[in-house]
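Work through the exercises below with the coordinates open, and try each task before reading its solution.

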Amino acid sequence: MDTETVKASDYRREPPTLLSILTLTFCAFSVTTAEFVIAGILPEVAADLSVSIPSAGHLVTAYAVGMIFGGPVLTLLTVGIPRKPLIAALLAVFVIGNLFATVAQNYVALLAARLISGLVVATFFAMVVVVAASLAGAGRQASAVAKVALGFNLAMILGAPLGTVIGQQFGWRATFLAIAILATVALALLVKLVPVRGVPTTGSVVSELRVLKSRDLQLALAMTAVGNAGVLMVFVYLAPLLTRVGGFAPETVPALLLIYGIGATLGNLAGGWLSDRALMPSIIGLLASLAAALALFRLAGQFHLTAAVMVFVIGALAFSVIPGMQTRVLLTGKSAPTLGIALNASGFQIAAAFAAWIGGQVIDSDLRLGSLPLVGAGVTIIGALLALVAWMRDAG
């Protein structure tokens with residue numbers, strides 16, 4: 001893999017690696033806040049634009065669709081563009097998309113703005129992960145990915161609530177304006193603090209696509225999709241699980257989601273540390289533990305204290321597997337890492353969509369809502385088995 005040419009003086013001016021990675025974490029925080037915050041301001045958007053809540057919910061779908069299709073397509077279309085200008089340009093497009101959302105005069109315009117923003121996110125995220133891993137070097141890649149993923153955790157437990165408060169106090173347009181300002185600051189820090197040498201350049205479209213023939217990469221992508229689908233199935237319907245099955249009052253749900261987010265933050269960092277020391281064994285063990293936690297949630301979810309504890313545990317385990325999964329994709333798709341991570345992000349979004357649909361089918365069936373954690377546990381076990389197969393391929 002080639003890298004961009006830099007002068008010796010550029011190396012002397014480079015900031016410390018940790019500062020560069022923290023800058024990428026802030027970039028991830030600004031982008032992911034835009035994904036999560038829409039759920040908190042849906043009522044305000046629906047009322048102002050005179051659409052139903054379900055119609056406003058399509059703004060979430062538009063962002064996800066942009067990520068699913070934009071990731072691999074945009075990654076392939078930009079293989080010849082120098083990496084640092086490209087990553088800066090993608091973040092600039094994201095800023096523009098949120099500015100369009102700020103001034104959108106109708107539902108269709110806002111839908112288009114969300115689609116534009118989502119189109120660049122998967123490729124941007126993929127490049128951020130690749131840059132962080134390359135800056136950290138061998139043996140510390142998963143920890144670097146975990147630091148970047150911390151931006152996503154903080155977006156969940158800090159960015160989205162603050163964005164919701166802004167939208168409720170000053171109108172939903174102010175939320176998108178705040179995100180645009182946040183991303184602009186992130187863009188300035190990116191240009192100033194992330195060194196050129198940490199940004200690898202890819203080859204041709206043909207060489208990028210050739211990596212898709214790798215059975216190990218295919219297995220890594222499947223492991224991510226299936227391994228996360230079970231817990232996503234439960235997370236999507238966590239609020240009704242807590243209120244209808246667990247007997248929690250609706251007003252306690254935000255606090256329980258905060259507990260989930262705190263667990264996710266701590267689990268993400270711990271998972272990066274574990275994955276750097278034993279990548280595949282840690283992924284297998286964490287997925288198996290997650291399946292057990294989901295099954296236990298089915299039994300303990302009716303008691304408030306144990307349910308709250310299990311919400312924390314599930315959040316921690318759900319996010320502990322992500323750094324290792326991202327690192328596995330980087331290693332198995334090392335000839336085209338950006339495309340691999342972009343496909344991984346798209347696969348995650350597809351898994352989330354299918355998880356929501358399958359969960360809905362389970363709820364409408366004779367199994368009912370209360371059985372959802374057991375179904376999620378079963379799906380997670382399949383993900384663990386895929387990880388075991390990948391590990392056996394490495395050994396054999």
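**Exercise 1.** Determine which parts of the chain are linked by the salt bridge between Arg173 and Asp48, and how far apart the two residues are in the chain.

*Solution.* In this predicted model, the side chains of Arg173 and Asp48 meet in a salt bridge with an N to O distance of 3.7 Å, which satisfies the criterion because a side-chain nitrogen of Arg within 4 Å of a carboxyl oxygen of Asp is what defines such a contact. Next, place the partners: Arg173 lies in helix α7 (residues 172–193) and Asp48 in helix α2 (residues 17–49), so that the pair, 125 residues apart, links distant parts of the chain. Finally, consider exposure: Arg173 has a relative accessibility of 24% and therefore counts as partly exposed, and Asp48, at 45%, also counts as partly exposed.

**Exercise 2.** The structure holds 3 salt bridges; assign the helices and the exposure of the partners in the pairs Arg393 with Asp216 and Asp394 with Arg328.

*Solution.* Begin with Arg393 and Asp216, whose side chains meet at 2.8 Å, N to O. This pair joins helix α16 (residues 372–395), which holds Arg393, to helix α9, which holds Asp216, across 177 residues. Arg393 is partly exposed at 44% relative accessible area, and Asp216 is partly exposed at 25%.

Then take Asp394 and Arg328, whose closest N and O atoms are 2.8 Å apart. Here Asp394 in helix α16 is linked to Arg328 in helix α14 (residues 322–332), 66 residues apart. Asp394 is partly exposed at 42%, whereas Arg328, at 6% relative accessibility, counts as buried because the cut-off for buried is under 20%.

**Exercise 3.** Check whether the end-to-end distance of helix α9 (residues 215–236) agrees with its expected span, and locate its kink.

*Solution.* At 1.5 Å a residue, the 22 residues of helix α9 should span 32 Å, and the end C-alpha atoms are 31 Å apart, so the two values agree. The helix nevertheless has a kink of about 35°, centred on Ala229.

**Exercise 4.** Identify the residues of the nonpolar surface patch and the helix that gives the most to it.

*Solution.* The patch is formed by Val93, Ile96, Phe100, Val103 and Ile116, which together have about 400 Å² of accessible area. Helix α4 (residues 83–103) gives the most, with 4 residues. An α-helix has 3.6 residues a turn, so residues three or four places apart point the same way. Phe100 is found in helix α4 and is partly exposed, with a relative accessible area of 45%.

Definitions and conventions:
Residues numbered from 1 in each chain as written. Predicted model: local features only at pLDDT ≥ 70, side-chain atom pairs only at ≥ 80, totals over all residues. Heavy atoms only, no water. Patch = residues over 30% accessible without salt bridge, like charges linked within 9 Å, V, L, I, M, F, W, Y side chains within 5 Å. Areas by Shrake-Rupley, 256 points an atom, 1.4 Å probe, with all protein chains shown as cover. Buried < 20%, exposed > 50% of the residue type's maximum accessible area, 1.4 Å probe, protein only. Expected span 1.5 Å × (residues − 1). Bend = angle between axes of the 7 residues up to and from the residue.
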